[in-house]
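Trainee: I'd like to learn how to read a model like this one, feature by feature. Can we go through it together?

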Amino acid sequence: MKTVDFYTRQGCHLCEAALAIVEPIARECGAQLRLHDIDEDVALQERYGELVPVVNIDGERHAQWRVYESELRAALVE
């Protein structure tokens, strides 16, 4: 099972749009989805800042700012 880490922050419209893509595809592909609010962790704020949303798959950066359904699905089924 793959792990998808989704880094977000409150009030981020790009995060909301990306999560609407990530959640159903992760579920469909049987991936574990972990949500991280960077505003709750100083280290995450320093690391991701204005880059959110950030999507990592098994610890590797997959997407930042925009998530594309076909690319995410392909990455989760490979």
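**Reading the cores, the helix and the strands**

Mentor: Sure, let's begin with the inside. Keep in mind that this is a predicted model. The largest nonpolar core has 14 residues, and the ones with the most contacts inside it are Val-4, Val-22, Val-55, Ile-57, Val-67, Leu-72 and Leu-76.

Trainee: Which elements give two or more residues to this core?

Mentor: Those are strand E1 (3–8), helix H1 (13–29), strand E3 (54–57) and helix H3 (69–77). H1 gives the most, with 4 residues. There's also another core apart from it, of 9 residues, with Tyr-7, Cys-12, Leu-14 and Cys-15 among them.

Trainee: Let's stay with H1. Which of its residues are buried?

Mentor: General idea to start: an α-helix has 3.6 residues a turn, so residues three or four places apart point the same way. Now the case here: the buried residues of H1 are Leu-14, Cys-15, Ala-18, Val-22, Ile-25 and Ala-26. Their cover includes E1, strand E2 (32–37), E3 and H3.

Trainee: How do I check the length of H1, and where is its kink centred?

Mentor: Compare the expected span with the end-to-end distance. At 1.5 Å a residue, the 17 residues of H1 should span 24 Å, and the end C-alpha atoms are 25 Å apart, so the two agree. The kink is about 25 degrees and is centred on Leu-19. Just after the helix comes Gly-30, with a positive phi near 75 degrees.

Trainee: Is Cys-29, at the end of H1, buried or partly exposed?

Mentor: Cys-29 counts as partly exposed because its relative accessibility is 23%, and buried means under 20%. Cys-12 and Cys-15, on the other hand, are both buried.

Trainee: What joins Cys-12 to Cys-15?

Mentor: A disulfide, with an S to S distance of 2.4 Å. The structure holds 1 disulfide. For handedness, look at the torsion about the S-S bond: it is 75 degrees here, and the link is right-handed.

Trainee: On to strands. Which residues sit on each side of E3?

Mentor: The general idea is that in a regular strand the side chains alternate between the two faces of the sheet. In E3, Val-54 and Asn-56 are on one side, while Val-55 and Ile-57 are on the other. All four are buried, and both faces of the strand are covered.

Trainee: How many bridges join E3 to E1 and to E4?

Mentor: E1 and E3 run antiparallel and are joined by 4 bridges. In that pair, Tyr-7 stands opposite Val-54. E3 and strand E4 (residues 60–64) also run antiparallel, with 4 bridges, and there Val-55 stands opposite Ala-63. E3 and E4 form a hairpin with 2 residues between them, and Asp-58 in the turn has a positive phi of about 50 degrees.

Trainee: What is Val-55 in contact with?

Mentor: Leaving aside neighbours within four places in sequence, Val-55 is in contact with Val-4, Asp-5, Phe-6, Val-22, Glu-60, Arg-61, His-62, Ala-63 and Val-67. Val-4, Val-22 and Val-67 also appear with Val-55 among the core residues with the most contacts.

Trainee: One last check: why does Thr-3 count as buried?

Mentor: Thr-3 lies in strand E1. Its relative accessibility is 14%, so it counts as buried. Not counting residues up to four places away in sequence, Thr-3 touches Gln-32, Arg-34, Asn-56, Ile-57 and Asp-58.

Conventions. Residues numbered from 1 in each chain as written. Predicted model: local features only at pLDDT ≥ 70, side-chain atom pairs only at ≥ 80, totals over all residues. Heavy atoms only, no water. Disulfide = S-S within 2.5 Å. Buried < 20%, exposed > 50% of the residue type's maximum accessible area, 1.4 Å probe, protein only. Core = buried A, V, L, I, M, F, W, Y, C linked by side-chain atoms within 4.5 Å. Contact = heavy atoms within 4.5 Å. Expected span 1.5 Å × (residues − 1). Bend = angle between axes of the 7 residues up to and from the residue. Pairing = 2+ DSSP bridges.
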